Amino acid sequence: MNEIEQTDSKSSHPHRTDKRARQKQRRQQRLEAEREAAAQRKRKRSIRNWIIVGVIAVGAFMAWYFLALDNNGTEEVTPPTVQDNVSEQEGNEPEEPGNNITIPEVPPTTTTELEEIVPPKYTPYTDDDYGSTPCPTSDADRVLDFDDSFQNCLQEGVEYTAAFTTTAGEFKVRLDSVNTPGTTNNFISLARHKYYDGTLLHRTDPSIGIIQGGSPHNNSANDRGPGYNIKDEGTGFNYPRGLLVMARGGAPNSASAQFFFSVNENTRV
């Protein structure tokens, strides 16, 4: 399905092998810490959203009140009822409860409109974040199952490009080895093991703006994956059209091999 091209080569990064038990212990500790941090961020966003809804409701009530005064008491003005549309975007799960509030007719306000769009915060890999699986050679056999993630197989100063061949045509994607070296390393190592060869783009969903693939065992979203997960390399990502993104589950550090393309303005993660 794809090939990995190198446009420059300066020097080889030395292979590092770490003890698997120490790596798994550190990953588990980091996973627990990041889960707690994610829960705290979600609680803070929930509180902020309800404060904003309250401010909107108070302002709307005051506008309705003065409008009623302008009618000199001759006509009762009844503001229409609209549904509170503020929701938590992380994980696409609405905040609860979603109570009806009585305010004048105004456009629904979404979290996306309220939150300030900021650049992502990158946290690239350290040496301990890489696994112990050796880097694949240029003539590596096809392998679908692994005991651990890969050693650091990237070469310093090299730009990596993934070439996709599909029934709809061919295209290439430049991989970001500067900001997300761990994710890039994982993708090219799997590709060189022919992990993605002959697989389907098994999910096309314009409503959430994705085309998803990377499941060689059963060509579906519940594919068991390569046998390991990789660390997230940042938070606060936005997904404009045309990106190749590593897919993951709802928990932090749950990506492995599946990927998706962002195809329209509906893409959310």
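**Exercise 1. Determine what share of the contacts with a separation of 6 or more in the protein joins residues 24 or more positions apart.**

Step 1. A contact is defined by heavy atoms within 4.5 Å.
Step 2. Of the contacts in the protein with a separation of 6 or more, 66% are between residues 24 or more positions apart.
Step 3. The secondary structure consists of three helices and 13 strands, taken as DSSP runs numbered from the N terminus (helices: H or I, at least four residues; strands: E, at least two).
Step 4. Of the 269 residues, 36% count as buried, where buried means under 20% relative accessible area, exposed over 50% and partly exposed in between (1.4 Å probe, protein chains only).

The model is predicted: local features need pLDDT of at least 70, side-chain atom pairs count only at pLDDT 80 or more, and totals for chains, interfaces and linings use all residues. Residues are numbered from 1 along each chain as its sequence is written, and side-chain values use heavy atoms, with hydrogens and water left out.

**Exercise 2. State where confidence is lowest and where it is highest in the protein.**

Step 1. The predictor's confidence in each residue is given by pLDDT, from 0 to 100.
Step 2. The protein has a mean pLDDT of 76, and 65% of its residues reach 70 or more.
Step 3. Strand β4 (residues 100-102) is lowest, at a mean of 35, while helix α3 (residues 181-192) is highest, at 97.
Step 4. Residues 9-15 have pLDDT below 50, and this stretch has 13 contacts in the model beyond near neighbours in sequence.
Step 5. Over residues 65-115 the pLDDT also stays under 50, and the model has 72 contacts beyond four places in sequence for them.

**Exercise 3. Characterise helix α3 and the residues that flank it in the loops on either side.**

Step 1. From first C-alpha to last, the 12 residues of α3 reach 16 Å, close to the 16 Å expected at 1.5 Å a residue; the expected span is 1.5 Å times one less than the number of residues.
Step 2. Of the 12 residues of α3, 11 are buried, among them Pro181, Asn185, Phe187 and Leu190.
Step 3. Threonine 180 lies in the loop between β8 (169-174) and α3. Because its relative accessibility is 17%, threonine 180 counts as buried. Leaving aside residues up to four places away in sequence, threonine 180 touches Tyr122 and Glu233.
Step 4. Lysine 194 is placed in the loop between α3 and β9 (203-205). Its phi is positive, about 60°, although lysine 194 is not a glycine. Most residues other than glycine have a negative phi. With 30% relative accessibility, lysine 194 counts as partly exposed.

**Exercise 4. Identify the residues that line the largest cavity, and give the volume of the second largest pocket.**

Step 1. On a 1 Å grid over the protein atoms alone, a cavity is a set of points where a 1.4 Å probe fits but cannot get out; a pocket is an open set with protein on both sides within 12 Å along at least five of seven lines, and lining residues have an atom within 4 Å of a point.
Step 2. The whole structure has four cavities of 30 Å³ or more, and the largest cavity holds about 40 Å³.
Step 3. The largest cavity is lined by Tyr125, Tyr130, Ser149, Phe150, Gly182, Asn185, Asn186 and Ile230.
Step 4. The second largest pocket has a volume of about 290 Å³. Among its 16 lining residues, Arg27, Tyr228, Asn229, Ile230 and Asn253 are the closest to its centre.

Methods:
Grid points are joined across faces, edges and corners, and a volume is the space filled by probe spheres set on the points.
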